[in-house]
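Hi,

Here is the structure I promised to pass on to you. Could you have a look at it when you get a moment?

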Amino acid sequence: MKSQDKVKTKKIGFRTRRILLVLSGIFINFFLFLIMDKLGLPLFFDTLGTIGIAAISGALFPAICTAVVSSAICSFIYWPSIYLSFFHALIAIIAVILFRNKNYRNIGKVLLYVLLISFISAVSASVLQYVVFGKADTSFITKNALAFASASVSSYFPSLLLTNFFMYFFEKGFMFIFVIILLSLVPDSMITSSEADCWNRRINSDAVRQYINDSKGDMKHPLHKRIVLTFIITSLVLVFMTEGIALRVFFSNTKKEKTQRAYKCIKFAEDFLDASKIDDFIKYGMEAPGYQETLDQFCKIRDSYDDITYLYVLRIEKDGGRFIIDTDKEEPYEPGELVPFDKDFEPYLPALYEGKAIEPVEVSTVLGWMLTVYHPVLNEEGHTVCYIGADISMRYIAEYVGGYIFKLLFIMAGFFMVIISYTIWSIGNNMSYPISAVAACVDRFSDSSEEQEKLEENVRLIRSLNIQSGDEIQKLYDAICRMTLSQTEQIRDIRRLSESALTMQEGLIITMADMVESRDSDTGAHVQKTSAYVKIIVEGLKKKGYYPQKITPKFMSDVVRSAPLHDVGKINISDSVLNKPGKLTDEEFAIMKTHTTAGKKILEKAISTVQGENYLKEARNMAAYHHERWDGKGYPEGLHGEVIPLSARIMAVADVFDALASPRVYKPAFPLEKALAILQEGSGTQFDPKCVEVFMDSLSEVKMVLKKYHGGNFENQN
């Protein structure tokens, strides 16, 4: 309970540090911006806090959050600052890359990053100044840009861009130098510790951390990338759908409003148009009585509606529209001039020919995007004699919508980057990173199943992750903790049972070997000595690198454990032959040789009873072939060279040496030097030369075995 409270307190500390870190960066940005604004200087230094947070944390979310929130707060003093949030976020990303990879120690890379950030800042500021203020801006930058454009005979925007670039290169360069100097004064361990503590990277095992980094390249579709990509795509779709619907509603409402104003304008103009004079206006034009007065009234009406671009009167004919009155100030149509219809009017021509009212028509002409509204003018008989038309230019609506979209995208882009960076950070810390850590620990756990200490160490490592997310990941983590702990306990119990069974099995082997040995009056401690010699030889082969594919830890264990059974076949030999004090006859020797085949049959029967891969197979090989010779003149099958099983070749050396160095009923023990000389003479003919070589190289160990079992007799042999 106390440990959980401690973890909770620690988490609160992480969260508090994280918030304080971001707040400090925001304060630095706003404070410097406020001072520069009050002093009226063109340099704001409003990204110093962002670059500092990027250097300390090395993480995207705090740096981007600092940049965007700072821009939002600064907009209360200088409202266009909100449009720079996206570009400040880009600066934060570049700064994080620079400081996370320790590139700030390379002057060339620092210069490259400063140039890149200066270019981004210059582009953002120039676009903002050009779009929002244009040349009407009276700031220091704009004045210098205009002067430079005039002196270099170039356009305004490139001059503005170049002026901003030089200014920001000085500003960003100074800030980077300032932050790098501060970093050089702070120990690396403190920065690393601050990053680890603030952002809750609490994996203590370097092996686990390395596994997580290595496993990233093995996964084709990492979980956190898929989730983040899905989130980004979904968010963008929703944003664009929302914006599209909002713009469509806005345009529809604006179009409806403009149409209503156009009808009001037409109705007002209709009161000043005498339908009975239309023919005279067409025939006599400006000379017709009342024409000039009507034209003047139409011009005044048009001027009173600021959104009406053109107001005119025309008659619909088969070949086009014949203008009667046109209020265009620059190039008006003459009275009676026939103008062909645009293609946009073709669907409406049947109704116009019949003198009916039509819906407003959107027309794209050389004059721009227009909304045209027609209203029929009736005579006393109720027949349509002409139409009053009003054209509303939609260009300013398109410009307004374009500017609106431009500003909205820049505002949303900054906050969108905050959301994306938080999503990446949150998924990484709370989902992808814990899952990767657990996966690494479980892999280590499964790979260490052969060693109990490593199993227990990995159980402790898994529990040290201490995932307290309160969600399905924690539930999975708790289940894995219980499973690994339970499995470790089960493996410990299985090992205990296995060791007990193995001890019992080895005891039975020794007992069986002793039963055989007890019938042979001349083989005192033969089983123990040959087992010791076998161990010396197999370890010597391993040490020298001989037969590397064959000599594995399992093989070595099997050979040593099987050695006591090499003469198990003597159980079938009668005492008269086995313990005969003199030399055996040919018939008796033939009987004695059958102990190899008898031993093979006994152990094969045991192998068939005990199913699976086990050490008795090496025991069979040793019992059956330890009297085979390297030159092929041995028995029972006359095998030669490496065709003879390695375990049998090892036993052959051990068995013969013990027979030479030990007394028998038919001979005394040979001195050590003579026994060794006989072994060396048989190297390459009777024995595997490598086995003899490692035996001779281990004489100190051989003498210890002889001393242990022969005591004073051994001393006398020397």
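Below is what I found about its salt bridges.

Please keep in mind that this is a predicted model. The count of salt bridges comes to 19, and I picked out three pairs for you.

The first to mention is lysine 255 with glutamate 362, whose side chains meet in a salt bridge at 2.6 Å, N to O. Lysine 255 sits in helix α10 (residues 223-270) and glutamate 362 in strand β4 (residues 361-365), so this pair ties together parts that are 107 residues apart in sequence. Lysine 255 is partly exposed, with a relative accessible area of 23%, and glutamate 362 is partly exposed too, at 32%.

Next comes aspartate 306 with arginine 261, where the closest N and O atoms are 3.9 Å apart. Here distant parts of the chain are linked again: arginine 261 belongs to helix α10, while aspartate 306 is in the loop between α12 (291-304) and β1 (310-317), 45 residues apart. Aspartate 306 is exposed, at 70% relative accessible area, whereas arginine 261 is partly exposed at 27%.

Then there is aspartate 303 with lysine 329, also with closest N and O atoms 3.9 Å apart. Aspartate 303 lies in helix α12 and lysine 329 in the loop between β2 (320-326) and β3 (338-339), 26 residues apart. Aspartate 303 is partly exposed at 48% relative accessible area, and lysine 329 counts as exposed at 63%.

Finally, salt bridges with shared partners join Lys258, Arg261, Asp306 and Asp307 into one network.

Best wishes

Methods. Residues are numbered from 1 along each chain as its sequence is written. This is a predicted model: local features need pLDDT of at least 70, side-chain atom pairs count only at pLDDT 80 or more; totals for chains, interfaces and linings use all residues. Side-chain values use heavy atoms; hydrogens and water are left out. A salt bridge is a side-chain nitrogen of Lys or Arg within 4 Å of a carboxyl oxygen of Asp or Glu. Helices (H or I, at least four residues) and strands (E, at least two) are DSSP runs, numbered from the N terminus. Buried means under 20% relative accessible area, exposed over 50%, partly exposed in between (1.4 Å probe, protein chains only).
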